[in-house]
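Colleague: Could you put the model up and take me through it?
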Amino acid sequence: MHIAALAALTLLLLAQRGAASDLDRAERLFASERWDAAAHAYERVTASDPSQARAWFKLGYAYLRLGAYGSARTAYERAAEFEDVRDAALHNLDRLDALLESGAIRTS
């Protein structure tokens with residue numbers, strides 16, 4: 001029984017370390033404005049831990065910079081579900097809508 005609990009705890013700790021390193025990598029890529037690589041890294045983070053509000057928000061921004069406006073909308077909508085980034089996510093959704101309505105950007 002103790003061995004099984006220890007094995008489960010070890011796996012949990014390894015998963016958390018992996019998620020943290022994915023987030024660290026995503027943050028570095030974002031800071032370097034490597035939008036495609038940052039988007040992929042944030043996709044991994046949000047897939048492994050969907051409760052990462054800031055990762056959803058930054059994924060939306062990376063998609064926006066890549067011109068993937070539909071994906072940006074989806075990521076911002078997910079980010080808006082979290083109180084700590086809700087206002088910023090809703091603001092960016094409003095800006096995205098305004099840009100689309102003005103014709104400044106187009107969806108493919």
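**Helices and burial**

Modeller: Gly103 comes right after H5 and has a positive phi, near 85°. This is a predicted model, in which local features need pLDDT of at least 70 and side-chain atom pairs count only at pLDDT 80 or more, while totals for chains, interfaces and linings use all residues. Residues are numbered from 1 along each chain as its sequence is written, and side-chain values use heavy atoms, with hydrogens and water left out.

Colleague: How many helices and strands are there?

Modeller: The protein has 5 helices and 0 strands, counted as DSSP runs (H or I of at least four residues for helices, E of at least two for strands) numbered from the N terminus.

Colleague: Which residues of H5 are buried?

Modeller: In H5, Val85, Ala89, Asn92, Leu93 and Leu96 are buried, buried being under 20% relative accessible area and exposed over 50%, with partly exposed in between (1.4 Å probe, protein chains only).

Colleague: And what do they pack against?

Modeller: The buried residues of H5 pack against helix H3 (53-66) and helix H4 (69-79).

Colleague: Switching to H2, which residues are buried there?

Modeller: Trp35, Ala38, Ala39, Ala41, Tyr42, Val45 and Thr46 are buried in H2. They lie on the same side of H2 because they cover an arc of only 165° around the axis, the arc being that of the directions from the helix axis to the C-beta atoms.

Colleague: What sits on the face turned away from that buried side?

Modeller: That face of H2 carries Arg44 and Ala47, which are exposed.

Colleague: What share of the whole protein is buried?

Modeller: Of the 108 residues in the protein, 30% are buried.

Notes: Contact = heavy atoms within 4.5 Å.
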